[in-house]
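Me: I'm new to reading structures, so please walk me through this one. Start with the whole chain, then pick one part and stay with it for a close look before moving on to what lies around it.

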Amino acid sequence: MKQLRISLILALLFFTLCSTSSSFAEKDAFDISEIEKKPYHIGGNLEFKPVLFGLDRNASLYKLKFYNRDEGSAIEEYDAKLQLEGSLEKGISKLLVKTNTDYKKSYLGEDQQTTIYEGFLSVKPSSSLSIDVGKKTLKWGKGYAWNPVAFVDRPKDPDDPELSLEGFIVASADYIKSFQGPLKTISFTPVLIPVYKHVNNTFGDIDKLNFAGKLYFLFYDTDIDLIVLTGGSKTTRYGVDFSRNITTSLEIHGEFAFINDYKKNFIDSNGNNFGKEYDAKSYLIGLRYLTEKDTTYIFEYYRDGTGFTSGEMRDYFTFINNGYDSYVSTGSDSLLKKALSVTEGNYGRINPMRDYLYFRVSQKEPFDILYFTPSVTLITNINDKSFSFSPELLYTGITNLELRLKAAFVSGERLSEYGEKQNDYRVELRARYYF
Amino acid sequence: MLKILISFAILAFAIPVYALDGTALLKQVDRNLSPESYESYRKLINIEPDGRKKEFTLFTVKKGADKVASLFLAPASEKGRSTLRLGDNMWLYIPNVGKPIRITSIQSVVGGVFNNSDILQLDYTAEYNVEKVEEKGDEYLLYLKAKTKAVAYDRLKIWADKGKKLPTKIECLTEANMLIKTLYFKDVKDFGGGILRPAVIETDSPLYKGYRSVMIYAKVKARDFKDEVFTLTFMPNIESLR
């Protein structure tokens with residue numbers, strides 16, 4: 001707690017110093033030297049984030065993680081992140097690199113990890129064609145919180161959908177053609193995704209060369225994408241998405257994904273493993289509405305055809321509880337370890353169930369406070385009626401500094417998704433400085 | 001009687017002449033503000049009532065009446081963001097988010113008094129019809145009405161210098177003639193290549209009392225671009241045009 005208070009004081013001090021320095025740096029003159037193009041660029045951002053977690057000691061996921069330790073009712077964590085971006089341009093070629101270094105100090109001690117998020121060579125022979133080779137993120141789909149058609153991306157966190165993500169090693173191209181009339185643009189993006197022992201081995205089955213493609217149209221003022229992924233690392237899947245402004249202040253979007261022969265692995269309350277294979281259909285429909293008072297509403301409904309049913313999730317949580325009871329009575333954690341083995345990438349996905357609603361309201365610059373945006377986000381699991389509620393305050397009034405105070409509260413009955421999360425609440429202050 | 005007949009004759013000729021001249025005059029104002037296809041650099045400064053400022057630097061390209069794209073060069077927190085406008089369609093590309101999202105003309109990607117339609121300004125003739133023109137001393141006063149509901153301001157009143165055919169002031173109004181903001185065009189400058197236009201646009205708004213925003217132009221020059229530059233797929237690559 002003491003460390004958390006010190007962190008908050010340091011963050012406020014940082015805020016004050018930056019505020020003072022920005023007022024000295026102001027100038028109206030247009031300095032031409034600042035717009036001269038250089039062949040290289042180095043930049044990035046540095047982030048500091050103290051977090052306080054309020055633990056739910058009766059929750060299944062608390063028991064799974066903390067069964068052999070007692071950390072009290074709340075734990076602190078101190079996260080720091082450094083993202084570096086660099087580019088070097090020569091002629092029609094450009095080399096881009098983006099690294100991410102995470103530092104974490106928590107009840108488990110200190111941990112640090114550096115990952116190359118992106119690093120690729122881009123060649124642009126003309127404005128109609130570009131070819132990229134290397135590690136990059138594609139970020140397909142139109143949804144804000146979820147993207148069922150993002151077949152070649154790592155899943156994003158609906159609680160923080162704008163975080164940058166690590167890419168995959170790919171070879172891709174973009175070919176663009178513009179027209180007059182209702183069909184204004186067509187672009188085609190073919191992508192090769194090699195998956196071998198040391199290349200993209202988290203993507204799916206190894207020793208396969210996968211192909212993905214995206215065909216984009218701007219047709220009657222509507223963005224439309226047709227998407228496919230095939231090749232064997234994952235089962236073949238097809239997708240379509242769209243986005244369109246109905247009025248100047250109302251945008252609608254949607255995604256539909258069809259996944260051939262999806263294999264679902266699940267466990268019953270006694271720990272017996274099962275497998276099921278079926279064609280999964282996932283879809284999302286959403287809207288974004290902006291009022292005259294600059295209030296933005298984002299609403300999305302997401303159906304994940306690969307998700308678990310309420311019964312399957314209850315079985316999983318019940319198995320953890322049984323495993324915990326067994327640990328308490330016998331001292332053996334074998335059942336909990338088995339539960340842990342089916343959690344990663346399966347039950348442990350960010351939203352592992354079937355039907356979700358996302359609702360976010362943000363008010364830009366209320367009370368004439370420039371660069372200040374308060375917002376609230378509600379993510380509801382329709383199947384078990386559990387939910388997460390997150391208010392946040394964002395201030396970007398100081399050049400290159402972004403301050404965000406955010407809390408998240410989860411609620412739900414026992415054996416429901418949010419009811420069994422390890423935390424009842426989370427409070428964090430994120431100070432991010434761009435350079 | 002003769003006076004009445006002469007008056008009717010003058011009116012009968014005068015009204016169509018004004019209507020015709022209004023559209024031609026607005027076209028001339030558009031072309032004097034910028035070539036049909038061009039590139040430019042701009043600095044946007046938001047000034048708060050207490051004098052604090054926030055600055056943004058943009059590289060902008062435009063083609064024809066309805067295609068315009070901008071790339072943020074500074075500050076570091078915005079660098080790499082780009083915006084695209086194709087007629088009524090507008091998108092914002094944020095490098096972290098990675099994919100363009102649709103935005104609206106009444107939003108503002110920079111905060112402050114300028115909104116997206118001010119930053120991604122099309123030709124006035126692309127969005128407005130001239131309802132009437134009045135002569136006010138050394139200036140024309142053009143009354144404009146939006147062609148569609150998709151336009152950010154339903155009505156504009158443009159005061160234009162008679163000699164230079166350049167705007168000096170524009171009032172942006174709602175359908176009910178409520179003032180949303182006023183743009184002041186200042187510091188007419190020769191950018192070379194026959195481009196003589198105001199280098200500074202200031203704005204204030206009764207909706208943001210005490211706040212001001214300023215747009216400063218530099219390196220405005222005629223340049224042709226392929227249509228493919230003004231597409232969603234090209235948005236991450238606008239930097240390659242510099």
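Reply: Let's start with a word we'll need a lot: two residues are in contact if their C-beta atoms, placed from the backbone, lie within 7 Å. Residues are numbered from 1 along each chain as its sequence is written, and chains are lettered from A and ligands numbered from 1 in the order in which they are written. What you're looking at is a predicted model, where local features need pLDDT of at least 70, side-chain atom pairs count only at pLDDT 80 or more, and totals for chains, interfaces and linings use all residues.

With that in hand, take the contacts in chain A between residues at least 6 apart in sequence: 54% of them join residues at least 24 apart. Chain A has five helices and 18 strands. Both are DSSP runs numbered from the N terminus: H or I over at least four residues for a helix, E over at least two for a strand. The radius of gyration of chain A (taken over C-alpha atoms) is 24 Å. The globule rule, 2.2 Å times the number of residues to the power 0.38, gives 22 Å for 435 residues, which is close, so chain A is as compact as a globular protein of that length. Along the principal axes, the C-alpha atoms of chain A fill a box of roughly 75 × 55 × 45 Å.

Now for our close-up: helix 3 of chain A, residues 310–330. Does the length add up? Take 1.5 Å times one less than the number of residues: the 21 residues should span 30 Å, and the end C-alpha atoms are 30 Å apart, so the two agree. Right after helix 3 comes Gly331(A), with a positive phi near 85 degrees.

Next, what's tucked away? A residue is buried if 20 or more other C-beta atoms lie within 10 Å of its own, exposed if 12 or fewer, and partly exposed in between, with C-beta atoms placed from the backbone. By that rule, 31% of the 435 residues of chain A are buried. In helix 3, the buried ones include Met313(A), Phe317(A), Phe319(A), Ile320(A) and Tyr324(A), along with Asp315(A) and Asn321(A). Their cover includes helix 2 (60–66), strand 11 (250–267), helix 4 (334–341) and helix 5 (343–347) of chain A.

Elsewhere in chain A, strands line up beside each other. Two strands pair if DSSP finds at least two bridges between them. Strand 4 (109–126) and strand 5 (129–136) of chain A run antiparallel over six bridges, and they form a hairpin with two residues between them. Ser122(A) has Asp132(A) in strand 5 as its bridge partner. Strand 5 is also joined to strand 6 of chain A, antiparallel again, by eight bridges; there, Ser130(A) is bridged to Asp174(A).

Strand 6 takes us to the other chain, since 43 residues of chain A are in contact with 45 residues of chain B. On chain A's side, strand 6 (168–178), strand 7 (183–195) and strand 10 (237–247) each supply at least two residues, and strand 6 gives the most, with four. That side has 10 nonpolar residues (Ala, Val, Leu, Ile, Met, Phe, Trp, Tyr, Cys and Pro), 16 charged ones (Asp, Glu, Lys and Arg) and 17 polar ones (the others, Gly among them).
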